[in-house]
Amino acid sequence: MPEVIFNGPEGRIEGRYQPGKEPNAPVAIVLHPHPQFGGTMNNQIVYNLFYMFVQRGFAVLRFNSRGVGRSQGVFDHGIGELSDAAAALDWLQALNRESKGCWIAGFSFGAWIGMQLLMRRPEVEGFISVSPPENLYDFSFLAPCPSSGLIIHGDRDRVAPPESVQKLVDKLKTQKGITIEQQIVEGANHFYENKVDELIEACGEYLDRRRAEIAAGGGR
């Protein structure tokens, strides 16, 4: 898994990139949790989501946003981090011009950034948002949400409480033309202690099912 350095809006960005198995492999980007609370591209959930995509032949990128690890810049409360994510996806897509399909996955703060990114990217065919903190950040930009996706969270999450995630899901489910799937990991807190395998298995099952539907002409 090669280390990569590419140019972002505030200087270099450090990442880890796994090429796809085929020239037209789908691409995926995985976004880490809040940098000021220890969030990096080596977060356990980010790492496992990354390999979930790798195992399915995707070209996959995870990276450190500005001010994290060897990435230049300073934390920018989400505005700059969204720009970093857009630059990362540009870099990934430029390497994979024949790609068939694009996915975005994010955990916590990364789920918030990822859902903003998909609003700018009509080519995104699906997303996976792990524990999106609707109680901490404004998700009103999802009007409408442009693609179908999975929102998955734990029922013992005190950072992104189940009732706040439910508000986001209920709002998105009223929108036409997309399908929002919700899954709850029983007994899981925000960090999925002793539940990471269960989380990744559920995400992988969703991804496999959606990819099969898309291949069969099932749309977004």
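Hi everyone, this is a short walk through one predicted model, from its annotated spans to its helix packing, its cysteines and a few backbone details.

Some ground rules before we start. Because the model is predicted, local features need pLDDT of at least 70 and side-chain atom pairs count only at pLDDT 80 or more, while totals for chains, interfaces and linings use all residues. Residues are numbered from 1 along each chain as its sequence is written, and side-chain values use heavy atoms, with hydrogens and water left out.

Let me begin with the annotations. UniProt, in an unreviewed entry, lists residues 17–138 as "domain: Xaa-Pro dipeptidyl-peptidase-like". The same kind of record, also unreviewed, gives residues 146–195 as "domain: Peptidase S9 prolyl oligopeptidase catalytic". Please keep in mind that UniProt positions are in the numbering used here, that feature names are shortened, and that annotations may be inferred rather than shown by experiment.

What do these spans look like in the model? Residues 17–138 are 33% helix and 19% strand, and their end C-alpha atoms lie 30 Å apart. Residues 146–195 are 24% helix and 24% strand, again with 30 Å between the end C-alpha atoms. Helices here are DSSP runs of H or I with at least four residues, strands are runs of E with at least two, and both are numbered from the N terminus.

Now to the helix packing. Two packed helices are described by the angle between their axes and the distance between the axes. Our pair is α1, residues 44–54, and α5, residues 196–215, which pack at about 35 degrees with their axes 10 Å apart. Axes are lines fitted to C-alpha atoms, for helices over the stretch in contact, and angles run from 0 to 180 degrees between N-to-C directions. The crossing of α1 and α5 is right-handed, meaning that the near helix is turned clockwise from the far one by less than a right angle; anticlockwise would be left-handed.

Which residues of α1 and α5 meet? On the α1 side we have Gln44, Ile45, Asn48, Leu49, Met52 and Phe53, and on the α5 side Val196, Leu199, Ile200, Cys203, Gly204 and Leu207. Contact means heavy atoms within 4.5 Å. By class, that contact has nine nonpolar, three polar and no charged residues. For the classes, Ala, Val, Leu, Ile, Met, Phe, Trp, Tyr, Cys and Pro count as nonpolar, Asp, Glu, Lys and Arg as charged, and the others, Gly among them, as polar.

Cys203 brings us to the cysteines. How many disulfides does a search of the whole structure find? Zero, where a disulfide is a pair of cysteine sulfur atoms within 2.5 Å. The sulfur of Cys203 is 16 Å from the closest cysteine sulfur, in Cys145, so it is too far for a bond. Cys102 also has Cys145 as its closest partner, at 14 Å between sulfurs, and that is too far for a bond. Cys203 is buried at 0% relative accessibility, and Cys102 is buried at 2%. Buried means under 20% relative accessible area, exposed over 50%, and partly exposed in between, with a 1.4 Å probe and protein chains only.

Next, the backbone. Most residues other than glycine have a negative phi, and most peptide bonds are trans. Ser108, in the loop between β5 (102–107) and α3 (109–120), has a positive phi near 60 degrees, and Ser108 is buried at 9%. Tyr192, in the loop between β8 (180–185) and α5, has phi near 55 degrees and is buried at 0%. The peptide bond from Ala143 to Pro144 is cis, with omega near -5 degrees, and Pro144 sits in the loop between β6 (126–130) and β7 (149–154).

Finally, three residues to click on. His34 lies in the loop between β3 (27–31) and α1 and is buried at 12%. Leaving out residues up to four places away in sequence, His34 touches Gly39, Phe75, Phe109 and Tyr137. Val165, in helix α4 (residues 162–173), is buried at 0%, and with that sequence cut-off Val165 touches Pro132, Ile151, His153 and Ala160. Is Asn7, in strand β1 (residues 3–8), buried or exposed? Asn7 is exposed, with a relative accessible area of 68%. Asn7 and Ser71 are 64 residues apart in sequence and 9.5 Å apart in space, C-alpha to C-alpha.
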